[in-house]
Amino acid sequence: MNREEICLQLTDTIKFLKNKENKSGELLRNVSLWYGTQPAARTPVMYQPGIVFLFSGHKIGYINERVFRYDTNEYLLLTVPLPFECETFATEAVPLAGIRLNVDILELQELLMDIGEDELFQPSMASSGINSATLSDDILCAIERLLDVMDRPLDARILGKQIIREILYHVLLGPGGGALLALVSRQTHFSLISRVLKRIESQYTENLSVDQLAAEANMSISAFHHNFKSVTSTSPLQYLKSFRLHKARMLMIHDGMKASAAAIRVGYESPSQFSREFKRYFGVTPGEDAARIRMMQGV
């Protein structure tokens, strides 16, 4: 089969697995499937670190002046939790179908130890937390086998992990290798900023200052601003604000929390300020957003 035929087959497989609501995904905790037939306008999102491969449809991401596309030719590699804007292109005829892999740091470290000092493996270190790279035939072939075993729980549990390791191996040796390598490298500016992002993730409700975050990275204020923006494409304070707004939105959507309570929970002292910033960021008020989500869910 040619590449187009393989992608069509993978799209059908993903649709089958999603419709079946199979349980093998629980055995592969780092794997999730995407399938949808509805487009989505440009809207703020926040993805956790992982690799996204698409076999039908496409997405366009916007982060400040950067615009990037991921589709059947280019996969997306996120190495830090990153807020950005995303536009989804999908129809009944051309659905959005893909697979997402969360990167297990321990498994990645074990793979790197096995590769060792091989002279063929010398990727240049990535400086950004979001990258795209060409989807190679080797990766496509491995994903085809991964989806095949996901319909059989025992095969998924035993063979799935090895296939995921194979996919990571090909990503490491490809143009996205430097981004993965940056995840486990220490004392690079990327790893130091990643440490700051972990602090924000665990302490975002607190009154964190740029001075505190720069000290966490052991950088001067100016160096911290420069390196933070190179990794996240945004400023520290804007990142913190975006992170809080996304967390509040999840509390309202998934926990049914009122906007005022969600605002306090994520660190806002003024619910009215929260509502203003929410509308400025998401384009709708918290109440309008919650109503839209309930309508989409048929509640």
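**A tour of two pockets and a helix crossing**

Start with strand E2: this strand contributes 7 residues to the lining of the largest pocket, the most of any element. Select residues 40-47 to see E2. Keep in mind that this is a predicted model.

**Stop 1: the largest pocket**

Now show the whole lining. It consists of 33 residues. For the centre, select Ala 40, Thr 43, Val 45, Lys 59 and Arg 249, the lining residues that lie nearest to it. The pocket's volume is about 1,300 Å³.

Next, colour the elements around it. Strands E1 (31-36), E2 (40-47), E7 (82-89) and E8 (96-101) each supply at least two lining residues. So do helices H10 (236-254) and H13 (286-296).

Then colour the lining by class. You should find 18 nonpolar, 9 polar and 6 charged residues.

**Stop 2: the second largest pocket**

Move on to the second largest pocket, with about 560 Å³ of space. Select Leu 183, Ser 191, Ser 194, Arg 195 and Lys 198, the closest to its centre among 23 lining residues. Three helices each give two or more residues here: H3 (105-115), H6 (177-184) and H7 (189-203). Which of the elements gives the most to this lining? Select H7, which provides 8 residues. By class, this lining has 11 nonpolar, 8 polar and 4 charged residues.

**Stop 3: helix H10 and its partner**

Go back to H10, which also helps line the largest pocket. H10 has 19 residues. From first C-alpha to last, H10 reaches 27 Å, close to the 27 Å expected at 1.5 Å a residue.

Add helix H12, residues 271-282. The two axes come within 11 Å and cross at roughly 95°. H10 is therefore roughly perpendicular to H12.

Show the side chains where they meet. On H10, pick Lys 241, Ser 242, Leu 245, His 246, Ala 248, Arg 249 and Met 252. On H12, pick Phe 274, Glu 277, Phe 278, Tyr 281 and Phe 282. The contact residues divide into 7 nonpolar, 2 polar and 3 charged.

Pause on Arg 249. This residue takes part in the contact with H12, and Arg 249 is also one of the residues nearest the centre of the largest pocket.

**Last stop: just past H10**

Finally, select Gly 256. Just after H10, this glycine takes a positive phi of about 65°.

Definitions and conventions. Residues are numbered from 1 along each chain as its sequence is written. This is a predicted model: local features need pLDDT of at least 70, side-chain atom pairs count only at pLDDT 80 or more; totals for chains, interfaces and linings use all residues. Side-chain values use heavy atoms; hydrogens and water are left out. On a 1 Å grid over the protein atoms alone, a cavity is a set of points where a 1.4 Å probe fits but cannot get out, and a pocket is an open set with protein on both sides within 12 Å along at least five of seven lines; lining residues have an atom within 4 Å of a point. Grid points are joined across faces, edges and corners, and a volume is the space filled by probe spheres set on the points. Helices (H or I, at least four residues) and strands (E, at least two) are DSSP runs, numbered from the N terminus. Ala, Val, Leu, Ile, Met, Phe, Trp, Tyr, Cys and Pro count as nonpolar, Asp, Glu, Lys and Arg as charged, and the others, Gly among them, as polar. Axes are lines fitted to C-alpha atoms, for helices over the stretch in contact, and angles run from 0 to 180 degrees between N-to-C directions. Angles under 35 degrees count as roughly parallel, over 145 as roughly antiparallel, 65 to 115 as roughly perpendicular and the rest as oblique. Contact means heavy atoms within 4.5 Å. The expected span of a helix is 1.5 Å times one less than its number of residues.
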